[in-house]
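Reader: I should like to go through this structure with you. Could we start with the packing and then move on to other topics?

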Amino acid sequence: MSPTPRPVPDETETQQDCVLALDVGGTGMKGAVVDRTLTPVESLRVPTPRAQGPDAVVDTIADVLRTLRERALDRGLHVRHAGVVVPGIVDEARGRVLWAANLGWQGLALADVLARSTGLAVALGHDVRAGGAAESALGAARGTRNSLFVAIGTGVAAALVCDGVAVTSGGYAGELGHLVVDPRGAACACGGKGCLETVASASAVVAGYNALATRPVAGAVEVADRARRGDHVAEEVWNRAVEGLAHGLASVTTLLAPEKIVLGGGLAEAGPLLLDRVRVALARRLTFQRNPELVRATLGDRAGTIGAGIAAWRAAGVDTGADGSGSGSSDIVPQHGETSLG
């Protein structure tokens with residue numbers, strides 16, 4: 001993927017500006033060239049080579065950024081900045097990944113490493129906080145100054161916006177999945193016991209069902225389907241996830257009082273089977289607290305990439321109108337020219 005040098009458009013042609021956005025996950029990466037309206041004009045998907053080790057993941061990120069830059073130049077666009085969002089404990093201000101177990105990183109100055117490798121200015125962010133920023137500015141939490149975005153997939157993580165400001169706390173904020181909901185529960189990968197992730201993540205739902213059922217499933221969506229059809233084991237596992245999630249959300253609601261809670265990630269694909277039941281279980285736990293509106297995320301798997309684009313534009317000193325307080329445009333159009341590499 002080594003780029004061929006190309007003429008770079010004049011920096012004064014701001015109408016031709018763009019940023020690069022990349023959402024890095026444990027299994028795949030989603031990248032885009034993003035214009036000032038936060039519309040992806042080019043996009044691609046690449047497998048994450050996690051099995052090849054942490055250095056291979058970094059190298060692939062750099063290669064994808066170079067490829068995106070080439071596509072931007074082919075369109076006559078000037079790349080102002082790049083935004084890269086990753087899972088784990090991420091210190092955005094210092095551009096460092098403090099810990100990312102799934103990718104094998106610890107204490108990695110990823111923004112600097114990528115800047116040296118690609119020659120691009122790189123803003124580093126957290127994948128779920130980026131998704132939360134996108135939903136807050138352009139999606140389901142638009143117009144809300146106090147919101148909680150919860151991504152429920154292999155793990156459970158959250159992004160909190162309070163009075164229009166994203167809460168990061170040096171990268172440690174938002175680890176909702178490691179709130180203990182059952183002190184006598186199962187061991188968690190974090191070293192704790194009874195964490196929310198052990199009952200309410202998509203992976204926990206699958207593991208819980210397969211431990212009890214005679215016909216195993218491959219994904220949480222199958223558990224949801226079987227619960228709808230009256231499978232008693234599926235109902236038991238699903239309700240345990242619902243109650244655990246409601247317990248965790250009640251704690252956050254009591255402490256931080258979000259006006260709106262947005263549920264995203266793979267488990268949220270179950271729609272009303274999840275949202276309606278969590279809504280009832282959460283209300284049952286609240287007394288004096290403000291009962292938040294519970295809604296489903298609207299940006300889907302594009303949220304992280306759009307959030308990376310928001311971070312890149314902000315780092316470039318450009319106001320796109322997406323300030324995290326719900327004042328951005330909602331006119332996000334489908335991605336153009338998406339390809340898959342690798």
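Author: Certainly. This is a predicted model. Its largest nonpolar core has 44 residues, and Val150, Trp238, Leu245, Leu249, Leu263 and Leu274 have the most contacts inside it.

Reader: Which elements give two or more residues to this core?

Author: The strands are E9 (147–152), E10 (156–162) and E12 (260–264). The helices are H4 (197–200), H5 (202–212), H6 (220–228), H7 (232–256) and H8 (272–285). H7 provides the largest share, with 10 residues.

Reader: What is Leu245 in contact with, leaving aside its neighbours within four places in sequence?

Author: Leu245 is in contact with Ile152, Leu196, Ala200, Leu263, Leu274 and Val278. There is also a second, separate core of 34 residues, which includes Cys18, Leu108, Leu110 and Val122.

Reader: Now the sheet. What is the order of the five strands?

Author: The order is E11-E10-E9-E12-E13, in an open sheet with mixed pairing. Strand E11 (165–166) and strand E13 (293–296) each have a single partner strand, so one side of each has no neighbour in the sheet.

Reader: How many bridges join E9 to E12?

Author: Five, and the two strands run parallel. Ala151, for instance, has Gly264 in E12 as its bridge partner.

Reader: Changing topic, how many disulfides are there?

Author: The count is zero. For Cys188, the nearest cysteine sulfur is that of Cys190, 3.7 Å away, whereas the cut-off is within 2.5 Å.

Reader: Is Cys188 buried or exposed?

Author: Cys188 is buried, with a relative accessible area of 12%. Cys190 is partly exposed, at 39%.

Definitions and conventions:
Residues numbered from 1 in each chain as written. Predicted model: local features only at pLDDT ≥ 70, side-chain atom pairs only at ≥ 80, totals over all residues. Heavy atoms only, no water. Core = buried A, V, L, I, M, F, W, Y, C linked by side-chain atoms within 4.5 Å. Buried < 20%, exposed > 50% of the residue type's maximum accessible area, 1.4 Å probe, protein only. Helix = DSSP H or I, 4+ residues; strand = E, 2+ residues; numbered from the N terminus. Contact = heavy atoms within 4.5 Å. Pairing = 2+ DSSP bridges.
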